[in-house]
Amino acid sequence: MEIKDVEKLAELVKIELSEEEKKTILKDMDGILAYVKAIEEVDVGNVTAQYGLHNIWREDETS
Amino acid sequence: MIDLKNLTIEKAHDALEKGVFTCKDLVEEYLKVIKEKNKELNAYLEIYDDVLNQAEQAQKKFALGTATLLTGIPFALKDNILFEGHIVSAGSKILENYTASYDANVVKLLKDAGAVLLGRTNMDEFAMGSSTQTSAYGVTRNPIDPSRVPGGSSGGSAAAVAADMTLVALGTETCGSVREPAAFCGLVGLKPTYGAVSRNGIIAMGNSLDQVSPFAKNVRDAEIIFNFLSKYDPLDSTSVPENLRMGKFSRVLGKNPQTTQKSSHSKVSKIGVPWHLFKEGVDPVVMENFKQSIKKFKNAGYEIVDIELPFSKYSLEAYYIIMPAEVSTNLARFDGIRYGYSTGGDKEVESLRDVYMKSRGRGFGQEARRRILLGTYVLSHGYYDAYYNKAIKVREKIKEEIMRAFETVDYILTPTVPITAFKIGEKMDDPVAMYLCDIFSAPANLAGVPSIALPSGKTKDNLPLSIQFMAPHFCEEALFNIGKKFEEIG
């Protein structure tokens, strides 16, 4: 991640961050993402989540 | 003077019924202790102004012969449980003056039973934390050693019970937020089956994980509270109807649906220990105490077997993807317009966007902001499959393997927390180190099974130690049985 990614996320969630806060969040998120990355190695086979949640994507076009 | 230290719900009920003391006497005794200790411990954020009136109403139930076991029993409520007409802030500045407009289902049930609600207790902001240090209203201290944390996120409720500032308390669990503080404060903490207790009127953190959970000094008190609160609620879409609560587990495993876990558990006593989950990272004192606890169960005739839970090894990773994803959506509603803190009237605010940005930027604390951003990241188009989608699949595998394990064992046993209560200020700069406190809690929350934390001794520095049992869905009674057994043999 880079500072610009933090800035983009902060804009999406509408949270104002100071320059110092952006740096701290970047460091923390890097650490957390490095930790949760271990989940990539898990072979889940063809399991289907019971909840059946899925996102419905659409093209980002003006209607 | 009432012996608060050794008081239980049944002892208090007996005394209230016989007129040894009144509901008001009991409440006043707790108020005295609160006045003496709360300044240092910061367990309560507020004592409700109608406490004595509640006690008088409870006393009338004794006079009318309509008293229940909970009538006149003082409760503390975690600050994310709605109590109509009272402030509820979730430990956050963004809700600092928010007044609840209705009662949570659990509050309704406690009121109907005649319980006395003493006040609201401190918590990590929006239940995000393992130490009650992320509250916007200051740190809560552990009554056993005030230089240490009480655990979290329900640390205020735990500290209040441990310091005799209430008889019992309610907290909420998303991942160990009751069991971990129970462990750090030497208490019993129960995480019920997901769907057993209504979430209606609880300020949500992770909807698929949250559960209201009791704190008590002994197993019987936790059992009494659970039995009062475990009711179907049509206002919570995840509340499980009464007729589906028994036999569900049996159906999933293809067993005879007529054979309930309740009856099968009274006959078998096999405890599974997933040793491979705690090969590393467990404090030697905790590990030694855990081994001693196992020995006690062996000596009492229980069969101890090794079990493998290979997917559960990834519980914390899955949890720290699923939870922030849910947090990021749940906390979107706090926008400076509809609830609580707002910068709307400030001179520097020039647009609606400014109101959102500044209200949320200033209203949320560091941990809440971090989790909202993280959740948005793992749900974003480019990372959804790699993180969130993978995590919910891993969650399914964890659930499946835990349910399979219960085909061969009756309980799963682990330490509650890998460490003992740590010093205030520790781990605040390292979120991953803080999150690791939840490592043994996560499997039960992800699988939705019940789990109970039980005091298992003390270190030479007098710090509490704890073990936890998991049981199949809706087998809380099995947990109470083994918990009571441990109180006898421990």
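Let's start with the active site: for that feature, the UniProt record, an unreviewed entry, lists Lys78(B), Ser153(B) and Ser177(B). These residues span 100 residues in sequence, yet no two of their C-alpha atoms are more than 11.0 Å apart, so they gather at one spot. Do keep in mind that we are looking at a predicted model.

Let me take two of them in turn. Lys78(B) sits in strand β2 of chain B. Is Lys78(B) buried or exposed? Lys78(B) is buried, because 31 other C-beta atoms lie within 10 Å and the cut-off is 20 or more. If we set aside residues up to four places away in sequence, Lys78(B) touches Thr121(B), Met123(B), Ser154(B), Gly156(B), Ser157(B), Leu170(B), Gly171(B) and Thr172(B).

Now Ser153(B), which is in the loop between β3 and α5 (155-162) of chain B. Ser153(B) has 37 C-beta neighbours inside 10 Å, so this serine counts as buried too. What does Ser153(B) touch, not counting residues up to four places away in sequence? The contacts are Met123(B), Asp124(B), Ala127(B), Met128(B), Gly129(B), Thr132(B) and Ser177(B). Notice Ser177(B) in there: the record lists both serines under the active site, and in the model they are in contact with each other.

Next, please find helix α4 of chain B, residues 105-113. Its buried residues are Asn105(B), Val106(B), Val107(B), Leu109(B), Leu110(B) and Ala113(B). And what covers them? The cover includes β2 (74-78), β3 (116-121), β4 (168-173), β6 (211-216) and α7 of chain B. You'll recognise β2 as the strand that holds Lys78(B). After α4(B) comes Gly114(B), with a positive phi near 90°.

Gly114(B) takes us to Ala67(B), since the two are in contact. Where is Ala67(B)? You'll find Ala67(B) in the loop between α3 (51-64) and β2 of chain B. Beyond its neighbours within four places in sequence, Ala67(B) is in contact with Glu17(B), Lys61(B) and Phe62(B) as well as Gly114(B). Ala67(B) has 20 other C-beta atoms within 10 Å, and because the cut-off is 20 or more, this alanine counts as buried. If you'd like a distance to check on screen, try Ala67(B) to Val178(B): they are 111 residues apart in sequence and 28 Å apart in space, C-alpha to C-alpha.

While we're in this part of the chain, there is one more annotation. UniProt, again in an unreviewed entry, places a coiled-coil region at residues 34-61 of chain B. In the model, that stretch is 68% helix and 14% strand, with its end C-alpha atoms 26 Å apart.

Let's zoom out to the domains. Chain B is assigned domain 1 (4-229) and domain 2 (242-316 + 386-489). Their centres, taken over C-alpha atoms, are 24 Å apart. How many residues are in contact across the two? There are 37 from domain 1 and 34 from domain 2. On the domain 1 side, α6 (179-185), β5 (188-191) and α7 (219-229) each supply at least two residues. The largest share there is from α6(B), with six residues. By class, that side has 17 nonpolar, 12 polar and eight charged residues.

One more helix in chain B: α12, residues 352-363. It has 12 residues and reaches 16 Å from first C-alpha to last, close to the 16 Å expected at 1.5 Å a residue. Among its buried residues are Val355(B), Tyr356(B), Lys358(B) and Arg360(B).

What about the other chain? 26 residues of chain A are in contact with 30 residues of chain B. On the chain A side, the elements giving two or more residues are α1 (3-13) and α2 (19-36). α2(A) gives the most, with seven. That side divides into 20 nonpolar, three polar and three charged residues.

Last, chain B as a whole. It has 17 helices and 11 strands. Its radius of gyration is 22 Å, close to the 23 Å that the globule rule gives for 490 residues, so chain B is as compact as a globular protein of that length. The C-alpha trace spans about 70 × 65 × 50 Å along its principal axes. Of the 490 residues, 58% count as buried. And among contacts with a separation of 6 or more, 75% are between residues 24 or more positions apart. Thanks, everyone!

Terms used: Residues numbered from 1 in each chain as written. Chains lettered and ligands numbered in written order. Predicted model: local features only at pLDDT ≥ 70, side-chain atom pairs only at ≥ 80, totals over all residues. Domains from an automatic or database assignment. Contact = placed C-beta atoms within 7 Å. Helix = DSSP H or I, 4+ residues; strand = E, 2+ residues; numbered from the N terminus. Nonpolar A, V, L, I, M, F, W, Y, C, P; charged D, E, K, R; others polar. Expected span 1.5 Å × (residues − 1). Buried ≥ 20, exposed ≤ 12 C-beta atoms within 10 Å, placed from the backbone. UniProt positions renumbered as here; feature names shortened; annotations may be inferred. Rg over C-alpha atoms; globule rule 2.2 N^0.38 Å.
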